[in-house]
Amino acid sequence: MPEDKTIRLKIKRQDQPDSKAYWEEFDLPHKPRANVISCLMDIQMNPVTRQEKTVTPVVWESNCLEEVCGSCTMIINGKVRQACTALIDALPQPIVLEPLTKFPIVRDLQVDRTRMFENLKKVKAWIHIDGTYNIGEGPVIPEKQRAKAYLLSECMTCGCCLEACPQFTKNNNFVGASTISQVRLFNMHPTGAMESEERLETIMGDGGIADCGNAQVCVEVCPKKIPLTESIAEIGRETTLQLLKNLFLK
Amino acid sequence: MPKRKPQFIVIGGGLAGLAATMKLCEDKARVTLVSYQPVKRSHSVCAQGGINAAIDTKGEGDSPETHFYDTVKGGDFLAHQPLVRDMCHQAPAIVHLMDRLGVAFNRTPEGHLEFRRFGGTLFSRTAFAGATTGQQLLYALDEQVRRYEHDGQVQKLEWHEYLSAILDSQGVCRGAVLHDLHTGEIFSAKGDAVILATGGPAQVYGKTTGSTVCNGVATTAAYLQGAKYANGEFIQVHPTAIPGQDKLRLMSESARGEGGRIWVPRKKNDDRDPLTIPESERYYFLEENHPRFGNLVPRDVASREIHDVVYNKELGVEGQPMVYLDLTHQSEEFLEHRLGGILDIYAKFTGDNPKKVPMKIFPAVHYSMGGIWTDYESNGSGLIDHQSPRNQMTSIQGLYAAGECDYQFHGANRLGANSLLSCIYTGLMMGPGLIQYSRNLNSHFEDVPSSVFDQARDQWQGRMQSFKQMKGPENPYVLHQELGDILLANVLIVRENSKLEKALTQISDLEIRFKNVQCLDTTHWSNPAPSMIQQLFCQIQLAKIITQGALVRNEFRGAHYKPEYDLNQPKDFDPHEYVEYIEKKQYGEVLESEFPSGHTAYMKRYEECNEQWLKTTIAKHNNNQPEISFEEVNTSLVQPRPRKYD
Amino acid sequence: MGSITKGQAHFLLLKIHSLTGLVPIGLFLTFHLLVNSLRTVGVLPYQWSIDVINNLPFLIWIEIFFIYIPLLFHSFMGFYITQVAKMNAIRYRYPRNWMYVMQRLTGAVVFVFLIYHMGTTVVPKIWNGHHLFEAAPFLIEVMNQEFATWTGRIIYLVGILSATFHFANGLWAFCISWGIIIGPRAQRNASIVFMLFGGVLTVLGFATVLEFSLHPVDVEPTLKGAF
């Protein structure tokens, strides 16, 4: 088989959260329009390493395979991204797959991103409605404002921005760009704004906005191109005003 | 004594599961929400185009009644009419509710909801949020459920798998056996009722537009426990998908809604750059064959037309089973604004810019109209009694279903942007009935002997352990792929009985090989291998339901197309003739001469066909085979008539 | 205001860190470089400026409260922030990420430089009692000696450049974290403006170094025995 018709995958594996990581290499036949996920699926069908050793299939997390669910985030050739959009033909070989480093490992390429969802709880990332009963239309919202909110609400809690953030580590409790951006999203909604002060007070606490170091890697790696740094600056303004309000008006 | 709080177990965290959870929590119930993964990642995020509600903001004269008619007509009259009618009447309230929850629906210049056109209707009825309406709706519900989780009313069991319902000695569902996908622990959970909101079965077909979790396993498990499975053979093939190795990504119908045109070169194997092919040498087959609906014919019609052009006329692009979906005549700003996200997907997965070159697309398995059988109670005036505990209950008492995994709303074919509606509608609608069900129970799960729960758990522990010990030569993933290939080759757009019989044989061969499967991983932590085998087992059963149903149903209805049973509608036929024909029939025999030539004969054929086949297919598990029977469809509100999309 | 939680204290400390970088430290840096650049005009105006400063009432207290405490606070908070982070500019090579690394690096360089700078100027000045009009001749002599060797010049060039970069880039970060500039374009434009400003400060500093190096002149106290 000619060299260019084979794909080599180098995968960092780990059996358990506290066990030692190890590397395995797989050679796979090249297929048109293949991506990292389809290669991992091929491994499932033939879990044999380059050294002809039969191993357990690689465990990873994926669902929609269209880059809207956020599941398959991993580190591919050194950078964080979704595996489903990582087209094989666009990647230099060997293709190196590693799990995210800022979240606890579950197994192989699968990590536990509970921290992100807990942060959404912390900042009350929802709109508190009176009830689901039919009480008529929602608020009138200018299309421009809606378009801005839409950009923010495309966040799929994938964790790219946090993985790439030098300020977000396993040992601290920084909430990171995605959560700050969600605070902005809900604060800009006419109904959500009614709880904006509570959200701001939370984000002005431990692990909140002040921990941002303006490295701005978040916005570079965001697969949805969410204006995260703009959100951070906007929440910077809102928290500054809240601080002044707390100091001089209360 | 404090009042007992109803407790429910919801399986699946997509739109239906989250809507049901939200509604139940609002009524002070406690909910255990079970999902393979964080619910925010559920398959609902994939829905792009929008959600239908006849709010008629553009003075087109749309109304819920028209929406109702379009839906039952789109479904070839196989859907129970009071349910569909109720859904369409609730639709405006649902869209307004979602708007209040913060969904970033596109707006008009005045700041009100914007609506666009979609397939199968002539009205602007589809509300949409950019290119990711499903994602936006799901997030809004996810946020509400997170609020209830924050308040302690919801317990989320993410990374858990539903294995089966727990039935007491009377056959009443009292809980569920669950599988912790990290620790591998198998345990039983108790509840007043279990709600399956587990989505579609796309994975049975292997490569589809479905997500990896759309495996149809939970409903099949219910079927194996004795629940009825309905209309399994009605599988929607979406006409426009992007080819891929791991999945077929959807190209939303909204691409056609915003003016996208489908065509192929008139010349076979024309290898010119599509942009250099002059208009006169392009075959816009949908527009030519359906001048009124054009590119917006329903999905079954579009898929069949593409199938015909590609396989019978051999006009596929580059000789492949592909056609062009062309948006290049629209301005880039317009496309960016209206379809930005959708077109990005195409660019991302193919490397081509659809604003500059026509997209290459082909049909892919997309949606199951069928699913687990569920009940409903009409209120006598053509709508649903929302307080009835019968609503959405499966044939197992206490086991409910909602969303794509039920069968009731789309008949033989679903219209675009109705799925998001039916998911949210069922989730919300069933809430009051569930509360009633819990209140009406004479004995609760607390009164059921613990041996019932322990036995169910032990049985599954044994079963999963036995899967783990399988050491045969067959790779389950390979078997799964082969299963999908069998169905794709034989049970797709065009169905022939010989092929269906062949498929059944192949499936039973596969079932034999299944016994020689190898469990590829026998470790104890976060090991997907035993689950995979269990899922494969269920999918083989489900494949039998689908194929057997397709084999038995000898007619052409909606997505189920059997050419040999095509009634050959005369080209100049007007569906209203049939209504007239039925009226006239009440006064005696209708003469051949009263309608244009050939029409009466056709209508007679149609009437006979409906007599025999306008019925719900019911599959019951019996002796390892689906036993097929038929049930009446409620067509009490609108006279079924031949479909025509000219 | 009621009692402050740990989280709020954390927030306030970081906010104060950000603020002290501008007021008073940044302001002082600008003033310092500006006043020192008088040396390029002539040694006399330069000496007068030192005289004015050293004849200020409560000088030591002004220095302690408006320079030393804020500076120490800013430095230690800076080290704390750097220590809890995990830099990754090798992996994610984006300009802003390099600036982020440089901000922390220059902060550390400035800290070391200041120890040297103060250890050779302010500390011996006070220790040896060169007050009021006696300060200028002493300090100018120290500087002449520093800039007589390339080692001294390089130490100062690096120190000045680090300080001006840290201030200019810090100003940009200040504007974002206090929400003064928001949009991506505003952020980019502001970054250009602040870098230009930093460039001007650098030129002032370098010109002063150049003048000292080329024309070392020793001076006598403006008023002998005035105290």
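## An exposed loop residue in chain B

Ser597(B) sits in the loop that links α15 (575–585) and α16 (599–613) of chain B. Its relative accessibility is 71%, and because exposed means over 50%, Ser597(B) counts as exposed. In space, the C-alpha atom of Ser597(B) is 9.2 Å from that of Pro570(B), a residue 27 places away along the chain. Please keep in mind as you read on that this is a predicted model.

## Strand β12 of chain B and its partners

From that loop we can turn to a buried strand in chain B. Strand β12(B) covers residues 235–242, and eight of its eight residues are buried, so the strand is largely enclosed by the rest of the structure.

β12(B) has pairing to report with two strands. With strand β17 (residues 359–368) of chain B, β12(B) pairs in the antiparallel sense over five bridges; here Gln236(B) has Tyr367(B) in β17(B) as its bridge partner. With strand β13 (residues 249–250) of chain B, the pairing is antiparallel over two bridges, and Ala241(B) is matched with Leu250(B) in β13(B). A hairpin of six residues makes the connection from β12(B) to β13(B).

## A closer look at Thr240(B)

Thr240(B) belongs to strand β12 of chain B. Is Thr240(B) buried or exposed? Its relative accessible area is 0%, so Thr240(B) is buried.

The side chain of Thr240(B) also comes to 2.6 Å from the backbone oxygen of Met251(B). If neighbours within four places in sequence are set aside, the residues in contact with Thr240(B) are Leu250(B), Met251(B), Arg256(B), Ile262(B), Leu325(B), Ile361(B) and Phe362(B). Leu250(B) in this set is also the bridge partner of Ala241(B) in β13(B).

## A four-stranded open sheet

Chain B also holds an open sheet of four strands, in the order β18-β11-β20-β21, with antiparallel pairing. Which strands stand at the edges? They are β18 (371–372) and β21 (625–632) of chain B; each has a single partner strand, so one side of each is left without a neighbour in the sheet.

The partner strand of β18(B) is β11 (residues 229–230) of chain B, joined to β18(B) by two bridges in the antiparallel sense. Within this pair, Ala230(B) is bridged to Gly371(B) in β18(B).

## Where chain A meets chain B

Next come the interfaces. Contacts between chain A and chain B involve 69 residues of chain A and 68 residues of chain B. The two chains bury about 6,000 Å² between them, with 54% of it on carbon and sulfur atoms. Five salt bridges are counted between chain A and chain B. One of them joins the side chains of Arg41(B) and Glu61(A), at 3.7 Å from N to O.

The count of residue pairs in polar contact between chain A and chain B is 41, both residues being at pLDDT 80 or more. On the side of chain A that touches chain B, the elements that give two or more residues are α1 (36–45), β6 (105–107), α2 (114–122) and α3 (143–153) of chain A. The largest share, five residues, comes from α1(A). By residue class, this side of chain A divides into 33 nonpolar, 21 polar and 15 charged.

## Chain C and its contact with chain A

Chain C has eight helices and zero strands. Its C-alpha trace spans about 55 × 45 × 30 Å along the principal axes. Of its 227 residues, 47% count as buried. Taking contacts in chain C between residues at least 6 apart in sequence, 75% join residues at least 24 apart.

Chain C meets chain A through 34 residues, in contact with 38 residues of chain A. About 3,000 Å² is buried between the two chains, 57% of it on carbon and sulfur atoms. Two salt bridges are counted here, including Glu98(A) with Arg91(C), whose closest N and O atoms are 3.8 Å apart. The rule also finds 13 residue pairs in polar contact across this interface, both residues at pLDDT 80 or more. On the side of chain C that touches chain A, at least two residues each come from α1 (6–36), α3 (59–84), α4 (95–120), α7 (150–177) and α8 (184–214) of chain C. The largest share, eight residues, comes from α1(C), and the residues of this side divide into 19 nonpolar, nine polar and six charged.

Technical notes:
Residues numbered from 1 in each chain as written. Chains lettered and ligands numbered in written order. Predicted model: local features only at pLDDT ≥ 70, side-chain atom pairs only at ≥ 80, totals over all residues. Heavy atoms only, no water. Buried < 20%, exposed > 50% of the residue type's maximum accessible area, 1.4 Å probe, protein only. Contact = heavy atoms within 4.5 Å. Buried area = accessible area lost by both parts, 1.4 Å probe. Salt bridge = Lys/Arg side-chain N within 4 Å of Asp/Glu carboxyl O. Polar contact = N/O pair within 3.5 Å; in protein donor to acceptor, adjacent residues only side chain to side chain. Nonpolar A, V, L, I, M, F, W, Y, C, P; charged D, E, K, R; others polar. Pairing = 2+ DSSP bridges.
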